[in-house]
Protein chains: 2
Amino acid sequence: MSKINRVLITGGTHGNELIGIYLIKKFKRHPKLIERPSFETVLLLANTQAIAAGTRYVDEDLNRCFNVPKNQTAKALSYENWRANEIKAEFSTSEQSSIDVCIDLHGTTANVGRMLILDNSDPAMQTLAAHLCDRYPDVRVYGSTHSGRHQDSLRTIAPHRIGIEVGAVSHGTVHAELFQQTEALIESILDYLEQHNRGTAPPPKNSLTLYQYVGAIDYPRDHQGELLAAVHPQLQFKDYETLRPGDPLFLTFDYRTIAYQGDMPVYPVFINEAAYYEKGIAMCLTQKQSLPIAYQLEGR
Amino acid sequence: MSKINRVLITGGTHGNELIGIYLIKKFKRHPKLIERPSFETVLLLANTQAIAAGTRYVDEDLNRCFNVPKNQTAKALSYENWRANEIKAEFSTSEQSSIDVCIDLHGTTANVGRMLILDNSDPAMQTLAAHLCDRYPDVRVYGSTHSGRHQDSLRTIAPHRIGIEVGAVSHGTVHAELFQQTEALIESILDYLEQHNRGTAPPPKNSLTLYQYVGAIDYPRDHQGELLAAVHPQLQFKDYETLRPGDPLFLTFDYRTIAYQGDMPVYPVFINEAAYYEKGIAMCLTQKQSLPIAYQLEGR
């Protein structure tokens, strides 16, 4: 990673994820909190209409709208398509992004605690994530390379990008402790980027544990798509814990347990995320990987 | 309470409170579960358009629409006003309700566990609530007489009514354990009403502890109504616990603690309910009352 000149912190890609929204508003009131000597930090409230409405989106999920071809006619555009183009125009100059790093704030009803999201195998962001895990042992890192988010999410406007997903928090609410913990992470990221620019970023102490997305499971449904089961009580809120073949996965509304049928242990995340019911996702499955990081420090 | 002839179980007054909705759908598939020899049980999915949309409401809160004058012109009606009239027409014959008891299912993002809601001082429902508390020591009873719900809620269509509010559950999700616990409560209520009709309802063993609504507190906001604080971490999820003058109430986004300024201890409920942000309610305050119940058994 070469010198960082401009960092974007964005919240409200989903208009009902209030922690990110109120953090951006706080930083707008107190810009000194995000100022660092060697780079500029800019702020974005992404889905402004959804934020005003208090909903995830108006027409469609903004975080799936960043790979729409530019030549689509305005008439065919949803509000979020239009807003994605506006955001791209604001932060890109033709093929070049005007920002170097995007920090993208999200909340989830799943019990993920503080989760960093890496959309690709960018060594710089892996090194940053390993540094944050050294500092905050509760932090977990989710690899979304195979989930599609490296192609269509808002974060794709920047060459280097990291998502912060916190939970469990009900959409439409602020959870004060997660608010504080998210701000602490942002502060540490900005400090790290400042150290990077000065060539003093500390090498990570440990290898990086990555929960790499390998697929998703939908709820049992009838032929009309109607839900027939909920996440099993033994699995609810157990994000990152081992799910072995035969373990309880769902409990039908008639109280029959449906077991996990996979071939090998997996580590579910985003268990019972409210916004994923309509996407046909009861949880995302990950495999746990350990990545050595030390060799990736040449960028400094 | 004279003989019960017809009981209404209703879910989806709020279209994103999924536990009630999927319980009603389950009972429609398995009507034997709610059949009792001495009375008829009928089912209602209340806010059908909001249920389809997965939102709390379409135009306004259906559970505040049941005191609108009947002579309002159709043009001025919101969807929920219209739907309220439709529901009233379905279950009323002029001034008479065709149902004797309404069991109304709700979910909340607040940590209320299993909460019964009594909108007035109906001795029959107080006796039922005391019976349920005997059977399920986790159950708490909230008195909403002074909150307005005895005038404008869907439950007002029945002479006897009881709300079941369960949480913490994120809107738009099912929580399997709370689903089971809600069904168990409904089963016990129907069993009790059957015993009532037979004259074999057991007398409550204990007096009734009632958390009686005495007021509500809004979040600290700026002059534009913008949120400035969240529920304090020490209060989050602490529904029914004693809040004393001077105890932490809110944490501002700048991390200043705002203490409770009241004159006497209160017992907050609906702490950090997502749907109440727009209503200007951070939590409802209650006073704890102990009601003797034994003398109210003459109805049997």
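**Briefing: pocket, symmetry and cores**

By class, the residues lining the largest pocket comprise 23 nonpolar, 17 polar and 10 charged residues. The model described here is a predicted one, and its two chains, A and B, superpose on each other through a rotation of 180 degrees.

**The largest pocket**
- The space in the largest pocket amounts to about 1600 Å³, and among the 50 residues that line this pocket, those closest to its centre are A:N16, A:G54, A:T55, B:N16 and B:G54.
- Helices α1 (18-29) and α2 (48-53) of chain A, along with α1 (18-29) and α2 (48-53) of chain B, each contribute at least two residues to the lining of the largest pocket.

**How the chains are related**
- Chain A is superposed on chain B by a rotation of 180 degrees with 0.0 Å of shift along the axis, at an RMSD of 0.0 Å, and this is the relation of a two-fold axis.
- Both copies use the same surface, since 100% of the contact residues of chain A recur in chain B.
- Of the residues of chain A, A:S170 comes closest to the rotation axis, with its C-alpha at 2.5 Å.

**Nonpolar cores**
- The largest nonpolar core has 67 residues, of which A:M283, B:I103 and B:V174 touch the most other members, and its largest share, nine residues, comes from helix α6 (residues 176-198) of chain B.
- Apart from neighbours within four places in sequence, B:V174 is in contact with residues of both chains, including A:L227, A:F253, A:Y277, B:L18, B:Y22 and B:F179.
- A second, separate core holds 66 residues, among them A:V7, A:F27, A:V166 and A:F179.

Technical notes. Residues numbered from 1 in each chain as written. Chains lettered and ligands numbered in written order. Predicted model: local features only at pLDDT ≥ 70, side-chain atom pairs only at ≥ 80, totals over all residues. Heavy atoms only, no water. Core = buried A, V, L, I, M, F, W, Y, C linked by side-chain atoms within 4.5 Å. Buried < 20%, exposed > 50% of the residue type's maximum accessible area, 1.4 Å probe, protein only. Helix = DSSP H or I, 4+ residues; strand = E, 2+ residues; numbered from the N terminus. Contact = heavy atoms within 4.5 Å. 1 Å grid on protein atoms, 1.4 Å probe; cavity = no way out; pocket = protein on both sides within 12 Å on 5 of 7 lines; lining within 4 Å. Points joined across faces, edges and corners; volume = space filled by probe spheres on them. Nonpolar A, V, L, I, M, F, W, Y, C, P; charged D, E, K, R; others polar. Least-squares fit on C-alpha atoms with pLDDT ≥ 70 in both.
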